[in-house]
Each structure stands twice: as structure tokens, then as C-alpha cells.
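Dear colleague,

Here is the structure that I promised to pass on to you. Please open it first and keep it beside you while you read the notes that follow.

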Amino acid sequence: MASAKEAVRLASRLCQDVQRQLSAEERVDKKDDSPVTVADYGAQVVVAWSLQRADPATRLSMVAEEDSAELRTPAGRAMLERITALVNSVVATAAPGEVLSPEQVLDIIDLGASQGGPSGRHWVLDPIDGTRGFVGMRQYSVCLGMLQDGEVVLGVLGCPNLPQGPVGDDDGAAGSAQRLSGDADVGCLFFSERGQGAWVEPLWNADAAPAPVRVAEVTEGAEARFMESVESRHSSHSINAALARELGVVRPPLRMDSQVKYGLLSRGCGTIFMRFPPATYKEKIWDHAAGFVIVEEAGGRVTDAAGVRLDFSKGRFLALDRGIIAAPPALHEKLVAAAAKVAPKA
Ligand SMILES: Nc1ncnc2c1ncn2[C@@H]1O[C@H](COP(=O)(O)O)[C@@H](OP(=O)(O)O)[C@H]1O
Ligand SMILES: [Mg+2]
Ligand SMILES: [Mg+2]
Ligand SMILES: [Mg+2]
């Protein structure tokens with residue numbers, strides 16, 4: 001856990017440095033129409049480098065989002081050099097004198113190519129979850145989980161732009177990070193080890209005492225506030241609205257990018273998180289692993305729309321029915337019943 005938190009903090013620092021000064025040349029659009037930036041690659045390198053350094057005797061097995069293919073082409077060379085410089089600025093703070101070459105950076109990125117699966121130990125990394133939020137100056141998170149024999153046993157969520165205090169309806173309406181990291185009370189690090197509860201501490205102060213987190217004790221829709229993606233192409237806003245109506249939810253949704261939604265759920269700030277992607281979309285394990293263990297350890301339930309607990313043992317993807325519903329147990333049960341009515345299986 002100490003190594004995981006240190007790795008996420010270093011990567012969050014790199015992301016924070018990049019977010020404000022990101023230029024158009026520092027992002028490319030991937031084949032699936034999603035963006036990737038120098039910070040996505042840089043954060044993946046920093047996490048893998050930091051974890052490998054903490055445990056040099058063990059070969060790292062990591063299931064991570066990014067790969068080096070684009071960066072190995074001539075067109076990718078300038079971006080690779082920029083990433084290498086960014087990574088080295090962080091490496092210098094953690095291991096003075098150590099310098100990585102562009103070729104080492106490529107090889108470290110590809111440490112993330114593991115297939116995961118039902119046996120052994122694998123790290124699971126989303127170096128920046130919510131890249132669209134990151135480029136839009138909104139929320140994003142650095143998400144690191146660990147699988148042991150197919151079960152998520154550890155999760156760390158670095159949320160650089162998330163206020164430590166309450167997040168209001170206004171933040172949701174704008175879908176934005178009203179205040180970006182830099183303020184002393186912005187930036188959260190959520191973490192959990194299976195069986196040990198879930199915790200939060202300030203992201204930028206490693207010496208601050210962690211506080212336990214717990215999902216809200218809400219049982220009625222009328223008191224609930226639900227969270228969803230800013231991007232409706234990632235998750236249907238209309239299905240969520242129909243489910244919320246069915247439960248008697250009256251408050252407007254809190255729209256946030258990335259796994260900060262799992263963090264807010266664990267902290268009892270939002271009460272429900274729902275995600276209904278297009279039917280053809282396959283969810284990836286790095287988009288959920290860290291948030292999953294944190295919410296479960298905070299007393300919540302995270303399942304597919306049929307109420308089946310998420311299964312991370314099947315490789316890089318999650319096999320799930322329709323979508324994801326995360327909530328405190330009483331609300332969760334009502335939502336699964338509502339989903340059978342409002343969003344029945346095709
Ligand atoms: N068509 C689609 N449907 C559902 N999810 C998608 C999607 N395209 C991309 N995503 C995923 O949605 C994640 C962001 O979720 P959110 O909308 O909650 O911020 C992305 O993570 P990355 O930003 O790491 O690529 C990506 O994995
Ligand atoms: Mg992505
Ligand atoms: Mg993601
Ligand atoms: Mg990502």
C-alpha cells in the first residue's frame with residue numbers, strides 16, 4: 001500500500017503539472033476516438049517505474065490502459081521526447097541522479113500489457129481516468145488497483161482536482177472542477193485494502209492523518225443524489241434519469257468525469273453511481289478496479305444491472321450485464337429492481 005500510494009502521488013504530480021499548460025500537440029486521438037495525452041503516458045511510466053523500484057526482485061505484471069505503439073512511429077518521436085522529459089522531472093525528485101532514456105520509457109509503458117486473469121498478482125492501472133475531463137480542465141483521477149487471484153485486494157485513487165470538503169450541486173451542473181488543485185483543500189487520495197476499510201487523506205500532504213470513509217446511510221430515493229459521466233457517449237443520461245425517476249430521486253445528477261465518482265460515493269457525498277454504456281461497448285477493468293474495492297470497503301455495493309458483483313478475473317475486460325450500479329445496499333436493491341423494469345435485458 002505504501003508503494004502504491006507513493007506511485008499514485010508521483011503520477012498525480014506529473015498530471016497536475018501538465019493539465020494547465022497542455023497544448024494541442026501533446027494529445028493524439030486513438031483509433032477508438034478517445035484522446036490520450038503526454039500525461040496519460042507519463043503517469044503510466046511513473047507508476048510502473050515507481051512500483052518496480054519499490055520491489056526490484058519481482059517482475060511487475062501490470063494491466064494498464066496505454067501502449068507504446070504510436071510512440072514508436074516516427075510521427076510519435078516528438079511526443080516521446082516530451083514524455084521522457086516529463087517523466088525525468090518526476091524521477092529526479094524521487095531518485096536523484098537517475099535518468100530514463102526514451103527507449104526505457106517505451107519499454108516501461110509496455111510493462112502494462114499483462115492480460116491479468118484469475119491467478120497470480122497483477123497491478124491494474126488507469127494512468128489518467130477521465131482524459132476528456134483532464135483536457136477540459138475538469139475532474140480526472142489516477143487509478144491503481146491490485147488483483148490477487150482474480151479478486152481486487154487493493155485500490156488507490158488519486159483525485160488532484162477534487163475538493164476535500166463537500167461537493168455541491170453547482171459543481172455537478174457545470175461538470176467542472178470549480179477549483180483546480182493548488183488550493184490546500186483540493187486534492188484527495190482514497191485508498192483501501194480488502195478487509196481494512198476505506199480511507200481518504202489529502203493528496204498533496206503524505207503526512208496528514210487518513211480519515212475513514214463510509215457510504216451515505218440513505219435508503220430513500222428522495223434523499224439521494226446520483227452521479228454519472230459528463231460524457232453521455234460513455235453512459236446514457238436518459239437511462240439514468242429514468243431509473244432515478246423510478247426511485248423518486250428529485251435532486252439533479254452530479255456529473256463528474258472519472259472514478260472520482262467512486263471516491264465521492266465512498267465518502268457519502270454522492271449516493272448513487274450508475275453507468276450504462278452503449279450496448280457494443282466493453283468495460284475495461286482499469287476503469288473500475290480501484291473504485292470497486294474502495295466503495296465495497298466503505299459499505300457500498302458495486303454490481304452490473306442484474307445485481308451480479310463485478311468480476312475482475314476475466315482478463316482486461318469486464319463481462320457484465322447492461323451497465324454498472326453502485327450504491328449503499330438498500331438503494332442498490334431498489335435500483336436493480338428498477339433496472340429490470342426500465343432498462344430490461346435486450
Ligand atoms: N463509448 C464509450 N462507452 C463507455 N465508456 C467509454 C466509451 N469510450 C470511452 N469510455 C471510457 O470511459 C472512461 C471515462 O469515464 P467517465 O465518463 O466516467 O469519465 C474512459 O476512461 P479514460 O478517460 O481513461 O480513457 C474510457 O475508458
Ligand atoms: Mg483512455
Ligand atoms: Mg479510464
Ligand atoms: Mg485512462
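Before we look at how helices lie on sheets, one convention is needed: an angle between two elements is taken between their N-to-C directions and runs from 0 to 180 degrees, with axes that are lines fitted to C-alpha atoms. With that in hand, you can find helix α2, residues 38–54, which lies across β3, β4 and β5 and runs at about 150° to β4. Helix α1, residues 2–19, lies across β4, β5, β6 and β7, and its direction makes about 30° with that of β6. Please keep in mind throughout that this is a predicted model.

**The protein as a whole**

The protein has 10 helices and 14 strands. Its radius of gyration is 19 Å, close to the 20 Å that the globule rule gives for 346 residues, so the protein is as compact as a globular protein of that length. Taken along the principal axes, the box that the C-alpha atoms fill is roughly 60 × 40 × 40 Å. Of the 346 residues, 50% are buried. Among the contacts with a separation of 6 or more, 72% are between residues 24 or more positions apart.

**The sheet of seven strands**

The two helices described above lie on strands of an open sheet of 7 strands, which has mixed pairing and the order β3-β4-β5-β6-β7-β8-β9. At its edges stand β3 and β9 (211–213), each of which has a single partner strand, so one side of each is left without a neighbour in the sheet. From one strand to the next, the twist averages 20°.

Strand β7 is a good place to follow the pairing in detail, and it is mostly covered, since 7 of its 8 residues are buried. Strands β6 and β7 run antiparallel and are joined by 7 bridges; among the bridge partners, Gly 155 goes with Ser 192 in β7, and Leu 154 goes with Glu 193 in β7. Strands β7 and β8 also pair in the antiparallel sense, over 5 bridges, and here Ser 192 stands opposite Ala 198 in β8. Ser 192 therefore appears in both pairings, with Gly 155 as one partner and Ala 198 as the other. The hairpin of β7 and β8 has 4 residues between the strands, and in it Gly 195 takes a positive phi near 90°.

**The sheet of five strands**

There is also an open sheet of 5 strands, again with mixed pairing, in the order β11-β10-β12-β14-β13. Its edge strands are β11 (254–255) and β13 (301–304), each of which pairs on one side only. Helix α10, residues 329–342, packs on this sheet, where it touches β12, β13 and β14 (324–327), and its direction makes about 155° with that of β14. Within the sheet, β10 (residues 226–228) and β12 (residues 272–275) pair in the parallel sense over 2 bridges, and Met 227 has Phe 273 in β12 as its bridge partner.

**Two domains and where they meet**

The domain assignment gives domain 1 as 2–213 and domain 2 as 221–342, and the C-alpha centres of the two domains lie 22 Å apart. In the contact between them, 44 residues of domain 1 meet 34 residues of domain 2. The elements that give two or more residues to the side of domain 1 that touches domain 2 include β4 (121–129), β5 (141–148), β6 (151–163) and β7 (186–193). The largest share of that side, 7 residues, comes from β6. The residues of that side divide into 23 nonpolar, 14 polar and 7 charged.

**Two residues with a positive phi**

Finally, which residues other than glycine have a positive phi? One is Met 137, with a value of about 60°, and another is Ser 258, with a value near 75°. Met 137 lies in the loop between α5 and β5, whereas Ser 258 is found in the loop between β11 and α8 (260–266). Are they buried or exposed? Met 137 is partly exposed, because 14 other C-beta atoms lie within 10 Å, while Ser 258 is buried, because 29 other C-beta atoms lie within 10 Å.

With best wishes

Definitions and conventions:
Residues numbered from 1 in each chain as written. Chains lettered and ligands numbered in written order. Predicted model: local features only at pLDDT ≥ 70, side-chain atom pairs only at ≥ 80, totals over all residues. Rg over C-alpha atoms; globule rule 2.2 N^0.38 Å. Buried ≥ 20, exposed ≤ 12 C-beta atoms within 10 Å, placed from the backbone. Contact = placed C-beta atoms within 7 Å. Pairing = 2+ DSSP bridges. Domains from an automatic or database assignment. Nonpolar A, V, L, I, M, F, W, Y, C, P; charged D, E, K, R; others polar.
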